[in-house]
Structure formats: C-alpha cells, structure tokens
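These are comments on the model shown below, set out as numbered points. They cover the sheets, a few helices and one buried residue.

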Amino acid sequence: MRAWRGETELALGSPQQRAVLAVLLLRRGRPAGVGELVDGIWGHDPPTGAVPALRTYVSRLRKLLESERTPGDPPRLLVSIGDGYALRTEEITSDLAEFEENLARAEGFRARGDSRAAARLLSTTLAGWHGTPLAGVPGPFAETERARLTERRLTALEYRIRVELELGCHEAVLPELVALRAAQPLREAVCELLLVALYRCGRQAEALEVYASTRRTLVDELGIEPGPSLRAAHARLLAGDADLSPPPVPVPAADTGDGPDPEQPDDPDRDERVRTTTGDVHPSQLPADLALFSGRDIELGRVDALLPAEDHPDTAVIGLINGMAGAGKTTLAVHWAHRVAHRFPDGSLYVNLRGYDQGGSVMDPSEALETFLVALGVAPQAVPEGLDAQAALYRSVLARRRVLIVLDNARDSGQVRPLLPGTPGCLVIVTSRSRLTGLVAGHGAHPLTLGPLTTGEARAMLTRRIGAARVEAEPEAADAIVELCDRLPLALAIVAARAAHHPGFRLTDIAGELRETHGSLDAFTGGDAHTDARAVFSWSYHALPSPAAELFRRLSLHPGPDISTAAAAALAAVPPRPARALLAELTGASLLGEHAPGRFAFHDLLRAYARELAGTEDTAERRGTALRRMHDHYLHTTHHASAIISPLRETLPLPPSTTDGGTVRFTGPKKAMQWLRTERHVLRAVVEHAAAHGYEDHAWRTAVGLDLYFDRLGFWHDLMEINSAALRAARAVGDRLGEAHALRGLGFFHTRFAHSAEARRDLGRALELFRAEGDAFGEARTRRCLAYQANGESRYTVSLDHYAHARELYRAKGDTSSEAIVLNEVGWTYILLGEHDKALEHCEKAVALHQEIGNPTGEAGAQDSVGYAHHQLGQYEAAVERFEHALALYQEIGDHYLEADTLRHIADSRLAAGDRDAAIGAFRAALALLEENSHPEAADLRQTLLDLNASEPGASGPA
C-alpha cells in the first residue's frame with residue numbers, strides 16, 4: 001500500500017497501521033467497529049493493548065490524511081461512528097476503484113459493439129497490476145482480500161482474453177493462455193479459452209490433449225468431472241463446430257453500488273496513464289546514429305508511411321530493408337529507428353543477427369532471444385531452454401508493450417520469425433541481403449529494396465565527408481568517384497576516408513586509381529563493371545603497409561563476434577603497442593570498425609574479402625600457426641584471470657605454450673573479472689571454434705578456466721554450451737581427463753537448472769573418470785558438486801558423505817585452502833539441517849585455517865557463513881559483526897558480487913533485529929553493486945526493496 005497527497009507520498013507507518021487503513025478503504029465508506037478492526041488486524045487472539053494501539057493508529061492516520069485540518073475542527077475524512085470508524089472516500093481515488101471503473105467502462109464499450117476499444121482498455125487496466133495485492137499488509141482481513149482481489153484479476157484477465165478471441169486474435173493470445181493454464185491448471189475457464197485458441201489456430205489435436213489432461217487433473221486431484229461449459233466446448237471441438245467460441249460472460253461488477261456510468265465519454269489520457277506503468281525496464285539498444293547521414297529522402301518517406309497514425313496500432317508493423325551488401329541498409333535502419341523511437345515509450349531492442357558472417361557464426365535465434373529477454377528485465381537464469389519456450393516468453397513479455405525492434409543483417413525468414421512479437425503495438429525493422437519472401441508472404445512485412453544512392457545524394461555524401469571546397473574545386477573528378485563507386489555508401493565511405501586522410505591528394509588522381517584497379521568482388525556485384533566494390537577494397541588493402549595488410553588477413557580468422565587489441569596482437573605475433581598502431585591503420589582506412597574502445601569488428605563484406613586474401617596469400621601452415629597463437633592467448637589469459645581472482649584455488653596444470661600468445665596480465669581481481677565479462681561471447685565462440693577446428697586440448701582446458709567465474713556472473717546458458725563443446729572435443733580425441741572435466745562442468749550446471757537426473761548422470765560419470773585417472777583434485781571437486789546437488793534436494797546425509805571424501809582427498813594432497821573451503825561447505829550443510837552449533841564449529845575451523853594460510857577470499861566466505869549461523873540462532877548482533885568482517889575482506893579483494901551477497905546478509909539481520917532503515921541501506925548498497933556489474937540477481941534484490949517499500953509506504957524505493 002502506498003498513498004499520495006498530490007505529488008507528495010505519505011508515510012503510512014507500521015504494517016498494522018496500514019492494515020487499519022486497508023480495512024477502512026475496502027469498507028468503501030461503511031463504518032467498521034473496533035472489534036471488527038481488531039479481528040481483521042490481529043485475528044481472534046489479539047495482543048494485550050490491541051484496542052489502545054488501534055486508537056493510536058487511527059489518530060496517526062487522521063493526522064496524516066487531514067494534515068491541513070485546523071486544530072479544533074472535526075475530522076472530515078476519517079470519522080468516528082458509534083464504537084468504530086469510517087473513511088469518507090469521496091475525496092480519495094485509488095487504483096482499485098479505477099480498476100473497477102475501467103471494467104465497467106470496458107463492458108459498456110463491448111455492449112455498444114466496440115469490442116476493440118474494450119480489449120484495449122482491459123489490456124491497459126490489467127497492465128496496471130504490479131505484484132500481489134496488499135503486499136506486506138498483515139492480518140486475516142488482508143489475507144482474505146488478497147485472495148478475493150487475485151480472483152477478480154484472474155476473472156478480468158479471462159474476460160479480456162475472451163473479448164480478444166471474439167476479435168479473432170487467437171494467435172496473439174495463445175502464448176499467454178498456455179502460460180496461464182500452466183499457472184492455473186484447475187481453472188476450467190482458462191482451459192476452455194485455450195481449447196478455442198488452439199482450435200482456431202488449426203491445432204485441434206493439441207486442443208483435444210489439453211482437454212484430456214485437464215480432465216485427468218480434475219478427476220485425480222478433486223474427484224470431479226469437468227463442468228458443463230467445458231464439456232460443451234469439448235463436444236463442439238469433436239464435432240468440428242466452425243463457430244467454436246465460448247459464450248460471452250459479463251465483466252464482474254463492483255462489490256457495492258452500481259458503479260460508474262459505462263456511457264460516460266472516454267478519457268483520452270486514461271489509457272496512456274495506465275500504459276506508462278506497464279513495466280520498469282525500458283531498454284535502449286539502438287547503435288549511435290551516423291552523424292554524417294545524408295540523403296535517402298525517398299526511402300525515409302516510404303518507411304515513415306508504414307507507421308499508423310493512431311497511437312495504438314492494430315497490428316505489429318514489420319518493415320524489411322533489403323539490398324546488396326554495402327548499400328547502407330543498417331545505416332538507414334538505425335537512422336530511421338532514431339527518428340521514430342519517441343513513438344515507442346517501452347524501449348528499443350537491437351541485434352546484429354550476423355546472417356552473412358563468413359566465419360560461420362550466424363546468430364541462432366535462441367541467442368538473440370536470450371539477449372532480448374534479459375534486456376526486457378528477465379533474469380538470465382530465468383530464461384527457459386529451447387527456442388519455442390524462449391519465443392513464447394518473449395511474446396508474453398512484449399504483450400501490451402510498445403517496443404521498437406531492429407533485427408539487423410538477417411540470413412533468412414526462419415532466423416527472424418521467432419523474434420517477431422505476437423501482439424499489436426510494436427515496430428520491427430529487419431535488414432537483410434535476401435528478399436525474405438517468406439516474411440513478406442507469411443507475416444505481411446513491407447519490403448523496401450535499397451539500391452545505390454542517387455547521384456545528388458552520393459555527391460552530397462562525398463561533400464559532407466571531405467568538404468565542399470575540394471568537391472567544388474574538382475567537380476568532374478568528384479562525379480567520376482561517385483560513379484566509379486556506383487553510388488554505394490560503403491564504397492564511397494572508404495574512398496572518402498582515403499581522401500580525408502590525404503588532403504593533398506587530387507580527386508582526379510584518386511579517380512584514376514579507381515579506374516586502374518577496378519576488379520570484382522563476387523558478393524558485391526550488380527551485373528555491371530561499375531557496380532563492383534572489390535576494386536575499392538583491393539585498392540584500400542594494397543595501400544596498407546605490409547604489417548597492417550597481414551593483420552587485416554589474420555583478423556578474418558578470428559571467430560568473433562568482435563576482437564580485442566590483445567587478441568589481434570596474438571594473431572599477428574606482435575606486441576600490443578604496435579598492434580594498436582596497425583589497428584589504427586585499418587580503422588583509418590575504413591577497413592575495420594572500432595565499436596568500443598579497444599574492441600574491433602569487421603563489416604561482414606570486408607571480412608569476406610579479408611578471408612579471401614588469407615586463403616590466397618597465406619599458406620595453411622601460417623594460418624594454423626596464427627590460430628594456435630590465438631587459442632594460446634585465450635587459454636592462458638583465462639587461467640591467469642582465474643589465478644588472480646582466487647590465487648589459492650586448485651588449478652589445472654597447463655602444458656607450456658609453444659607460441660607467444662601474449663597472455664594478458666591483470667593487476668587485480670576486479671580487472672580479471674571485467675575481462676571475463678567483456679569477453680563473454682568471444683570466449684564462447686573461441687571454445688566452440690577450438691572444438692571444431694582441431695584444437696581440442698585448448699577447448700576443454702579453456703572451459704575449465706571459465707566455470708567458476710562465469711557461474712558467479714550468472715552466465716549459465718553460456719556454460720552449458722561451452723562445456724558441451726568441451727565434451728565433444730575431449731571425446732573426439734579420446735582425452736578421458738578432458739571428458740571428466742567437461743562432464744563435471746555440465747553436471748554442475750544441470751544442477752543450476754534443476755535437471756536432477758542429468759546432473760547425477762554427468763557428475764557420476766565424471767567421478768568415475770577422475771578416479772580412474774588418479775586425479776584427486778578432480779575427484780574432490782566433483783564430490784563437492786555432488787554434495788551441492790544433494791543439498792538442493794535435501795539429501796544432507798549424502799552431501800556430508802561427499803564432503804568427507806573431498807576433505808580427505810585435499811588433506812592427502814596437503815591442500816589446506818581447499819580443505820578449509822570444504823569445512824565451510826560442511827558448516828553450511830549443517831545450517832540447512834538446522835544444526836547451527838555444528839555449523840558454527842565447522843565454519844570457525846574454516847576461518848582459523850584460512851587465517852593461518854593467509855587466504856582472505858576463503859576467510860571472507862567462512863566469516864559470512866559464521867554470521868549466517870548466528871543469524872539462524874537469532875543472535876543478530878553477533879551475525880552482523882561477522883558479516884562486517886567478511887564485507888571488509890571482500891572490499892579489499894574487490895569481489896563486488898560476494899560483497900553484495902554479504903551486504904544482503906547484513907540487511908537480513910538488521911531487518912530481523914528491527915532496524916529497518918539500516919537494512920534498507922544495506923540492501924541499496926548491494927543493489928548498486930549488482931546493477932553496476934549487470935548481475936542477474938539485481939532484479940530479485942530490486943523486488944525485495946519494492947516489497948519493503950510496499951510494506952512501509954513512507955520509505956523511498958530502490959532508486
């Protein structure tokens with residue numbers, strides 16, 4: 001509950017005081033007796049002094065709500081009636097009253113035949129619900145009202161879906177119905193609506209299975225058959241009724257009174273007010289607009305015409321920009337997106353689908369969906385597995401949002417379809433070299449084929465880039481350059497870059513070079529000698545110094561999606577400083593883009609050209625040597641980062657590097673963690689490339705170096721793919737030790753996704769292999785993974801047995817640090833068992849061992865566990881003392897994730913001790929750290945603060 005007077009939020013006091021307000025509000029002006037209020041707040045066993053406390057709460061609320069009342073004047077809002085109180089609600093507006101008013105208005109629209117307006121109003125009204133009603137308000141009354149209001153919301157949701165089915169929106173509502181049925185499997189109305197939607201989508205067999213499954217559930221769990229309405233729908237389904245539709249059901253009326261007049265005139269601002277509260281996450285992913293953009297006026301006029309005039313379009317609009325490589329499709333799409341972004345208040349999404357990436361790294365739709373879902377506020381670990389499940393969740397998240405979506409460089413229609421929204425309101429802009437006929441025919445995309453610039457536009461582009469004076473001094477040469485580049489934006493940009501970097505060159509000479517070196521580039525031909533850009537690329541390439549030209553070829557071998565300066569240096573076999581100079585040569589010649597400081601990427605056409613050159617100018621041996629240097633670079637840098645972050649953790653011995661791969665050296669854990677985060681997608685591509693191209697040892701050893709820290713950063717889907725590639729690589733060459741490590745990684749991350757059977761299978765096989773290979777460290781780590789899984793399934797005896805074996809293995813190897821870590825994990829298991837004294841004993845031993853060997857990371861973890869055990873014993877001050885020890889150590893180390901985790905523990909203890917303000921301060925500090933590092937757990941913590949805010953309206957939110 002929250003309340004405002006004008007723009008000022010009111011501090012509504014303690015939970016019990018808010019409970020008093022809730023009772024009075026929901027009585028809708030009718031008086032509530034003292035006994036009724038006491039029972040509603042405390043139940044039938046109220047504490048001593050409940051009535052005086054109640055009168056105190058009423059007095060405080062009266063002062064709060066009527067702060068402008070002159071002393072001595074009688075109360076105007078919260079009045080005494082008999083032995084109770086009443087709240088005069090004439091001057092009070094509430095979200096619940098607005099909800100009920102809008103339901104009545106929607107029914108009025110529908111009764112007048114305007115079902116589309118009814119559906120829109122119902123959608124925006126339902127979108128105004130945020131979380132559980134009366135969250136944090138205590139007492140039997142609030143509990144009963146929560147259940148009632150939740151039921152009212154579900155009934156209204158069913159009514160909205162029913163109206164949308166009447167409008168023929170069965171495809172749009174189907175994903176939502178599937179999710180709703182999963183959440184409410186016993187709700188027959190939902191099942192009936194789902195039958196209708198499936199039937200109308202041509203999925204009759206699935207509809208029959210839904211009915212059969214629902215009937216089994218009702219019979220098995222409740223001992224009843226489906227009701228007459230659901231049975232009738234089933235009968236019509238079996239009969240193939242062409243007009244299979246549920247009977248109309250009126251919207252539920254308000255609890256008291258006749259409600260507002262449904263014929264009242266519509267408020268044009270109401271939908272907007274509600275709509276702007278539909279979500280807190282508004283991504284803004286568009287790349288920067290090109291500052292030098294010019295021309296394309298006709299094309300911009302055509303795409304502007306795609307936008308409907310009204311604010312609430314009835315369909316999702318899909319604009320398709322296609323054409324040859326280098327025609328400026330992406331530039332136009334991004335520029336147009338920036339022009340219309342203000343019309344999409346729920347944000348913008350952008351992805352490069354890498355449809356024509358010559359390295360074979362075409363983006364899977366599943367990867368794009370994961371990126372979009374996280375941008376829209378879904379925690380990475382909450383993203384489901386499987387393309388269909390991800391696409392369904394994506395459509396549900398986008399439902400009733402207005403988002404601008406740019407899908408750049410698509411390969412085919414199949415790559416795009418899962419990324420399309422299922423409901424009206426969004427604009428999708430797709431760019432592709434292909435015409436994507438399936439998207440046009442099947443989804444109504446509006447195609448725009450992008451050809452060369454007009455002569456005037458091309459000349460204007462050249463003028464903006466090199467200056468009007470040079471063009472006016474040599475107008476004929478400028479016109480010749482425009483025509484020799486066939487008015488292609490990419491070709492013009494490269495020529496203009498050369499001219500700009502050499503202001504002393506005459507345009508006549510540049511035009512002459514273009515004529516002399518005109519060749520061909522198969523992927524960029526228009527059937528005319530003047531429409532071939534290979535000459536431009538060839539000319540730029542041959543103008544490079546030899547070292548820069550060699551790097552240009554080497555970079556094409558990298559699996560992408562982008563490359564750092566250090567990795568480029570490894571490929572070129574040069575130190576980082578000269579590598580930076582060579583990269584500057586390439587970016588200056590427009591042969592490479594620097595999309596972030598020190599991170600580079602090819603335009604895919606230039607990448608194709610560079611790969612052609614690498615294949616013709618370099619031997620297979622030289623290419624192989626460069627790739628080995630690259631894989632050495634990533635392998636050794638990954639393990640160095642691991643050693644910096646946790647110097648006393650057991651390490652995987654690496655074979656000595658046979659190349660100078662240029663291992664990056666980190667000055668501290670923070671830098672190492674940042675490198676892992678920045679290189680996330682590259683490392684995944686590198687492991688997969690190593691597994692597929694004969695670098696099997698690099699594949700599984702790099703995967704081992706990533707598991708702990710990618711896990712801590714929340715990159716669980718990545719780790720499943722990385723360890724799967726590592727497993728393929730190890731098995732391909734019969735490397736049993738590599739197979740064991742990959743299985744251990746897969747088993748642990750199956751545990752993260754609650755795949756119990758798969759986790760036990762993979763971890764069990766890993767344990768067998770490590771024991772057979774005599775790898776004590778591998779066996780110990782696998783046993784700890786098995787123990788962790790057993791704890792998650794409450795099999796604590798099994799867990800303790802695995803920990804005992806792991807501890808003995810570490811002892812035998814003299815690894816005191818790992819033994820201490822196991823002691824701490826055993827202590828945590830005893831916390832889960834509720835045996836807190838044993839937990840303290842083991843965790844204190846872990847603290848002592850870590851202090852003895854000087855392991856601050858291990859000590860911090862153990863101190864945190866000691867604090868948690870004290871917390872469970874109700875010893876909150878002792879708990880906070882230990883947590884603060886751990887916090888200081890994590891701050892010294894620079895591990896922001898574990899620092900945030902400990903801050904949350906401090907907040908929990910402060911809250912339990914009744915120090916709410918200190919708890920909120922600790923929660924906010926933890927949230928700031930998680931948000932700074934884009935950690936998936938930030939969303940959960942943000943919700944915790946919102947819930948605290950809801951339970952104490954006077955407190956400010958998490959911002």
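1. The five-stranded sheet. Five strands form an open sheet with parallel pairing, in the order β7-β8-β9-β6-β10. The edge positions belong to β7 (348–352) and β10 (446–450); each has a single partner strand, so one side of each is left without a neighbour in the sheet. From one strand to the next the twist averages 15°. Note that the model is predicted, and this applies to every point that follows.

2. Pairing at the β7 side. β7 and β8 run parallel and are joined by five bridges. Within this pair, L349 has I405 in β8 as its bridge partner. On to the next strand, β8 pairs with β9 (residues 427–432), again in the parallel sense and over five bridges. Here L404 lies opposite L427 of β9.

3. Burial of β8. How many residues of strand β8 (residues 404–410) are buried? The count is seven of the seven, so β8 is largely enclosed by the rest of the structure.

4. Pairing at the β10 side. Strand β6 (residues 317–323) and β10 run parallel, with five bridges between them. One residue pair to inspect is I321, which stands opposite L448 in β10. As background, strands of a sheet pair through backbone hydrogen bonds, either parallel or antiparallel.

5. Helix α14. This helix (residues 365–375) has eight buried residues out of eleven, so α14 is largely enclosed by the rest of the structure. The buried set consists of P365, E367, A368, L369, E370, F372, L373 and A375; E367 and E370 are thus listed as buried in α14 along with residues such as L369 and F372. What do the buried residues of α14 pack against? Their partners include two strands of the sheet in point 1, β7 and β8, and the helices α15 (387–398), α16 (413–416), α30 (680–692) and α32 (716–732).

6. Residue A458. A458 belongs to helix α18 (residues 455–466). Its relative accessible area is 0%, so A458 is buried. Setting aside neighbours within four places in sequence, the contacts of A458 are L453, V482, R487 and L492. Of these contacts, L492 is 34 residues away from A458 in sequence, while the C-alpha to C-alpha distance is 7.8 Å.

7. The three-stranded sheet. A second open sheet has three strands in the order β11-β13-β12, and its pairing is antiparallel. At the edges are β11 (563–564) and β12 (593–596), each with a single partner strand, so one side of each is left without a neighbour in the sheet. Three bridges connect β12 with strand β13 (residues 599–601) in the antiparallel sense. G593 has A601 in β13 as its bridge partner.

8. The β4–β5 hairpin. Strand β4 (residues 78–81) pairs with strand β5 (residues 84–87) in the antiparallel sense, over four bridges. L78 is matched with L87 of β5 as bridge partner. Two residues lie between the strands of this hairpin, and G82 takes a positive phi near 60°.

9. Helices α33 and α35. Two packed helices are described by the angle between their axes and the distance between the axes. For helix α33 (residues 736–752) and helix α35 (residues 776–792), the axes come within 10 Å and cross at roughly 15°. Angles under 35 degrees count as roughly parallel, and α33 and α35 are therefore roughly parallel to each other. The crossing of α33 past α35 is left-handed. On the α33 side the contact is made by R744, F748, T751 and R752; on the α35 side it is made by R781, T782, C785, Y788 and Q789. By class, the residues of this contact between α33 and α35 divide into three nonpolar, three polar and three charged.

10. The protein overall. The protein has 43 helices and 13 strands. Of its 959 residues, 53% are buried. Among contacts with a separation of 6 or more, 67% are between residues 24 or more positions apart. The A458 and L492 pair in point 6, at 34 residues apart in sequence, is one to look at in this connection.

Notes: Residues numbered from 1 in each chain as written. Predicted model: local features only at pLDDT ≥ 70, side-chain atom pairs only at ≥ 80, totals over all residues. Heavy atoms only, no water. Axes fitted to C-alpha atoms, helices over the stretch in contact; angles between N-to-C directions. Parallel < 35°, antiparallel > 145°, perpendicular 65-115°, else oblique. Left-handed = near helix turned anticlockwise from the far one by under 90°. Contact = heavy atoms within 4.5 Å. Nonpolar A, V, L, I, M, F, W, Y, C, P; charged D, E, K, R; others polar. Pairing = 2+ DSSP bridges. Buried < 20%, exposed > 50% of the residue type's maximum accessible area, 1.4 Å probe, protein only.
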